[in-house]
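Reader: Could you go through this model with me? I would like to start with how the chains meet.

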There are 2 protein chains.
Amino acid sequence: MKKKSFSFSTASVDYFFDADFSYLEKLASKESTVVITDDHVFAKHKKKFKGWNTIVLKPGEEYKVQQTVDVIIDQLIEMGADRKTTLVGVGGGVVTDITGYVAGIYMRGIRFGLVPTSLLAMVDASIGGKNGIDVGVYKNMVGLIRQPSFLLYDISFLQSLPRNEWQNGFAEIIKHACIKDAAMFRHLQQHTLADFRKDKKLLAALIQKNALLKTKVVVADEFEQGERKLLNYGHTLGHAIENMYELSHGQAISIGMTYAALMSQQLKHFSGAEEVIALLHKYGLPTYAEFDGKQAFKVLMKDKKKDNVSINYILLQKIGKGVIQPLLLVQLQELLRSDFK
Amino acid sequence: MKKKSFSFSTASVDYFFDADFSYLEKLASKESTVVITDDHVFAKHKKKFKGWNTIVLKPGEEYKVQQTVDVIIDQLIEMGADRKTTLVGVGGGVVTDITGYVAGIYMRGIRFGLVPTSLLAMVDASIGGKNGIDVGVYKNMVGLIRQPSFLLYDISFLQSLPRNEWQNGFAEIIKHACIKDAAMFRHLQQHTLADFRKDKKLLAALIQKNALLKTKVVVADEFEQGERKLLNYGHTLGHAIENMYELSHGQAISIGMTYAALMSQQLKHFSGAEEVIALLHKYGLPTYAEFDGKQAFKVLMKDKKKDNVSINYILLQKIGKGVIQPLLLVQLQELLRSDFK
């Protein structure tokens, strides 16, 4: 087990890599902890939860809504959870987002930790303190930025991960490579998804590299005034089409990254668009796609990142270097009409 | 108009005393602001809201619940509110609490300001960044501590204040005097509610004194690790019986202060209990009351301030000096059975 600590604006976060779930007892006592997980994770890892007070949610993004928060809060009251209770979210991004959000608002904020069980949550969703719920088609419309006390990495959870969840995780890993790490981009080009699934050490190293990459970006800019915006590469269009077409998050942002790479070619003389698209394809992700540009633009108009006339769009200058590009809304509307082919 | 600024942990808050509502335009532009108020305030001060985007809530504590938050968020999305929008809560404690809470979670936090229109909100509820909603009988079970950008005091709003609202405000004013300010306690003894209602200058000075008293306590201990707990004088029992018997907040905490004064007499040799009770009575507040001590204890068991075996109770050492007294739960249970008579 490797421990690393990072200081955020209001709290320090401890990361425990290459750990075993049982180590959780050292971080939170069973008596004063409530674990939140979902049906899938609970059914596949029942033994791990023995002795822990556990709230089991229905799985899936469609439950990342206020109604689920209401149910959890009622249960916490019922269980007698108080200001000294620790919440621990054990699951993918939906579980870690909801756990962080509930911990932030219950009794005006209680301690929480996260045990990400999906690749996506390990490299992205559980890191950086952003939490939230969806409102209608609008993703994360409501939420907070508030850091967990700890993150515990037990990659044995990944054994039961379905194929599309691997893709979701690699979509964010490729995103990190595109905006920040050309060497990792090459490393991903030289391997395949199968390599990482076979070789635990290779996988653990990749997870840790990505967790730390994201953490460093967030520590430098916790409240997203600059640098942190880069992590939205592929996400602006991605979020708009994700709920419109019921795509997985990985599929949606892969299409978003494809279009942003092509826009970068047009606006930034970016020469690596084909390489980005090929890498996404290699890891089983969709790239070019038919979507209703007009409708996507309408949904985009509710995006948190826009103001009245422009939107901050993340483009690539070169592989490993993302840039923040303010785009006029009219310009974006025009670009969404073109098919870049 | 008098401006004062205070620095909290993450933000600075500007107070504008003796101001006119129209000054709001200097603090937030009409185009990028959404005002939240309630039917009562809106109906009585319609002219003031002209030209402002306004969401009008149903009045009353029973609407300080998640469902109201849901409705506001849907309306904000509908109105196109984005990260650059400022929310302004114009109303009593319910409106200012809900506004602060929604501003804290909408798009992970947007700017907000408050225009308290009740005496209670002016001297207490709008100050210190605590916001929240009730869950069932449990008050403020969900919420945040997050400071507004500004507070604007226009005492012309008080002209339409009903009698019981004056009592609510004076209950908190007397609380401040009890825990922190013996001179103000004497000042209140020398005057009557009618004096303050007649004399605008006397009233404005009292409001400002109380707003600043609370602000200083909060600045010193924003996240309630010590000193700020004193502001809970009368509130622990008060909150428990408030919803049980549908008392007004002022009535409930007045009864709470009465019992806490009597407990202080027993546990702290406090000699001023009769004076405290007489002052509450003078300002039209109830003191001794019949209530179900067993049921109140049960509700208390869900109080945010308790842990498994004890609760921090605020007692008085002398008039003007509150103290934090950890009480064993069994001890409290016993005390609630006694009628002190």
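Reader: How many salt bridges are there between chain A and chain B?

Author: The count between chain A and chain B is 0 salt bridges, a salt bridge being a side-chain nitrogen of Lys or Arg within 4 Å of a carboxyl oxygen of Asp or Glu. This is a predicted model, in which local features need pLDDT of at least 70 and side-chain atom pairs count only at pLDDT 80 or more, while totals for chains, interfaces and linings use all residues. Residues are numbered from 1 along each chain as its sequence is written, chains are lettered from A and ligands numbered from 1 in the order in which they are written, and side-chain values use heavy atoms, with hydrogens and water left out.

Reader: Which classes of residue make up the side of chain A that touches chain B?

Author: That side has 12 nonpolar, 8 polar and 15 charged residues.

Reader: And what area is buried between the two chains?

Author: About 2900 Å² is buried between chain A and chain B, with carbon and sulfur atoms giving 56% of it; the figure is the accessible area (1.4 Å probe) lost on putting the two parts together, summed over both. Ile77(A), Arg108(A) and Lys304(A) supply 25% of the area that chain A buries against chain B, more than any other three residues.

Reader: Switching to the core, which residues touch the most other members of the largest one?

Author: Leu188(A) and Leu188(B) do, in a nonpolar core of 207 residues, meaning buried (under 20% relative accessible area, 1.4 Å probe, protein chains only) Ala, Val, Leu, Ile, Met, Phe, Trp, Tyr and Cys residues joined through side-chain atoms within 4.5 Å.

Methods. Buried < 20%, exposed > 50% of the residue type's maximum accessible area, 1.4 Å probe, protein only. Nonpolar A, V, L, I, M, F, W, Y, C, P; charged D, E, K, R; others polar.
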